[in-house]
Every structure is written in structure tokens, then in C-alpha cells.
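Welcome! Here are a few exercises to work through with the model in view. Try each task before reading its solution.

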Amino acid sequence: MTVPDTMRAMVLEAARQPLRYMQMAVPEPGPAQVLIRVRACGVCRTDLHVLDGDLSEPKLPVILGHEIVGVIVGTGAEVRSFAVGERVGVPWLASTDGSCRYCRRGQENLCDKALFTGYTVDGGFAEYALAHENYCFRLPEGYADAELAPLLCAGLIGYRTYRMAGEHAERIGIYGFGAAAHIIAQVAVHQGKRIYAFTRPGDVAGQAFARRLGAVWAGESGERPPEGLDAALIFAPAGRLIVDALRATCKGGVIVCGGIHMSDIPAFPYRLLWEERVIRSVANLTRQDAEELLSIAPQVPIKTHVQAFALEEANEALRRLRAGAIEGAAVLVMAQTDD
Ligand SMILES: [Zn+2]
Ligand SMILES: [Zn+2]
């Protein structure tokens, strides 16, 4: 595989501006890095939060995109785990220091010095991308590139969020039935859980989609489900959903917020939290989350529902994601000319 000198990329130069389509130099891998020919890259709500400045410390200019599927075309001198020609996935967590107090106690997702793909290092809205070999993952066979992309963020964050619901949770509400929900609902149903899907008011298509994926009930976010929930997973970025979810949970219910950014949570009476209900967030992912989900995926088997866009259509994909006009997950699929 010959690697050209330049590549096409969609670049964020400043917050709240459209991405710019440009030619730039193909990056050189550092000693522990691999160079990846990107084949597909998912488009995620977090990309919108970077674009909008809600996540306020991007490296600028930056190439967005943290659900990268591609093939290794170059390796740094110290790379031992991967070889040219292997298909890998790259998630949001780009690297950690391995030495801070969080890393030492197995919470690398909270690392003080973590770097993030498509935010503090360049991501996958481009023909090529770099990744640290320790933060790349081999991908299951039998899936097309675009089908795997949503597993790498929506799937991983969804999986971590689902794990935090606890093993005893049997009745699980999911608020916001987008990319993460459509993946994790399949895992949950496979593991014998009962899924209750909550969509924005009037989203009949979203409710039908959730039922097709095995939800036992689907309704609007303010509605009470027919049974009290053991856990609620919140993937939509609206703080009021936490209060809706508290009203829908049983004693000991756990509310897990999967989003990286959320609007303010309205005040609510303490009785809604009483009886050991818990509200928590999840941040980022660990490599263990990735290894677990990628091994579970072919067993379920998880089927992802994707809408494909060309690289240069990234702004349109982001616009539709913002409008709630994507069913499943949006994925940029790169034109492959030489392989
Ligand atoms: Zn650390
Ligand atoms: Zn994401």
C-alpha cells in the first residue's frame, strides 16, 4: 500500500463554524503510533459539542471524529502489537499517562492527562489518522467497516452506561433512542433485560424503531412506563430527563447519564431521590469496556443501523444529527481508490 503525501480532511478551525474541506499533509507515525487509512468514521453528538464550543478546549485546528475504522498502512519503530494490513478501530480515548492516581486504580477513563481522539488529537474525518497502538482495537470479522464505526463510541459509551445500571437491573429505561441506544438495546435484550424506550414527544418513528429492536414498551419522555424501572440510561442531552427518569424508577433505581454534556437539571423534590435512588454520569471509556463490547458484538450479534455520508458531506451529517434526523448512526464512508 503506497501512502501519498497529502490527504483530504474536514477540519474544524474555530468553534461554531462549518468544517472546512481541505488538503493537508498525511501525518507521520511517532514511535508507538500506527498510521491508519480511514475507511469509515462515525459522526457523534460529541462532535457537535466540540463544534459548538460546549467542549471548550479542543486543539485547533482539529480533525473531528472518534469512531474510526481503518486499515494500518504504517507503523512507528516501537509498535509491537499490530502490523500493516490489519483492520483496527480507534475510540474517543486516545491515550492516558498510566501513572496518575486514577490510572493506578483502574479508572483510566478519568486520567488527568488523557488525550481524546477528534478533540485534543486529530480524529477520523480524514483519509488518514494516527493512533497510539495501545488504544487501537482489533475488530470482529463479518462486519462491514461502516457497521463497526458506531460501536466505537455510541457502542462503547452505551455499554459503559449499561454496565453502570448494575447486574440486577431487569427493567431498563432508555431515554433518547439514537445511536448508543440502538446498539445497547440489542445487548440488553440478548442478556434477558426488559427495555422501555423513551423518545422525544411525537417521535412515532423512533418508538417503532425501538420496538423493532426488542423494546417491550415505547413512549414519550414524560410518560410513566407500565412498570417501575430498575435503571434508566439517559443518552439525550436534556437535564430534565433526569427528573422524568427519577419519577419512572423503583426504589434503589439507578439513573445513568451517558452524555458528555447536558443542559441544566431542573430542581426537584428530595422524595424523588429518596429510597436509595442514584444519579450518576459516565465519562469516556476504558480499554476493558472496548474489549468486552467488541467480543460481545458478534455473539448478540449486534446489528448497527447506519446512514452513510461521503467525507465532504460531514457538515450535512452533523446538521441532520443535530436535527434528530438520523435513525441509528451517521457514518462517513471514505472513497477507497487503491485497495
Ligand atoms: Zn492517568
Ligand atoms: Zn462519540
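**Exercise 1. Which residues in α1 meet which residues in α9?**

Before starting, note that this is a predicted model, in which local features need pLDDT of at least 70 and side-chain atom pairs count only at pLDDT 80 or more, while totals for chains, interfaces and linings use all residues. Residues are numbered from 1 along each chain as its sequence is written, and chains are lettered from A and ligands numbered from 1 in the order in which they are written.

Step 1. Helices (H or I, at least four residues) and strands (E, at least two) are DSSP runs, numbered from the N terminus.
Step 2. Counting residues as in contact if their C-beta atoms, placed from the backbone, lie within 7 Å, we find Arg45, Asp47, Leu48 and Leu51 of α1 meeting Leu318, Leu321 and Arg322 of α9.
Step 3. Sort them by class: Ala, Val, Leu, Ile, Met, Phe, Trp, Tyr, Cys and Pro count as nonpolar, Asp, Glu, Lys and Arg as charged, and the others, Gly among them, as polar. This contact of α1 with α9 has four nonpolar, no polar and three charged residues.

**Exercise 2. Is α5 largely enclosed, and what covers its buried residues? Work out which elements are included.**

Step 1. A residue is buried if 20 or more other C-beta atoms lie within 10 Å of its own, exposed if 12 or fewer, and partly exposed in between, with C-beta atoms placed from the backbone.
Step 2. Of the 12 residues of α5, 10 are buried, so the helix is largely enclosed by the rest of the structure. Among them are His182, Ile183 and Gln186.
Step 3. The cover over these buried residues includes α4 (154-164), β11 (171-175), β12 (194-199), α6 (204-212), α8 (287-296) and β18 (329-333).
Step 4. Look just past the end of α5: Gly192 there has a positive phi of about 85°.

**Exercise 3. Arg16 and Asn284: which is buried and which is exposed?**

Step 1. Find Arg16 in the loop between β1 (6-12) and β2 (20-25). Its phi is positive, about 65°, although Arg16 is not a glycine.
Step 2. Arg16 has 8 other C-beta atoms within 10 Å, so it is exposed.
Step 3. Now go to Asn284, in the loop between β16 (278-281) and α8. Asn284 is not a glycine either, yet takes a positive phi of about 60°.
Step 4. Asn284 has 21 C-beta neighbours inside 10 Å, so it counts as buried.

How values were computed. Contact = placed C-beta atoms within 7 Å.
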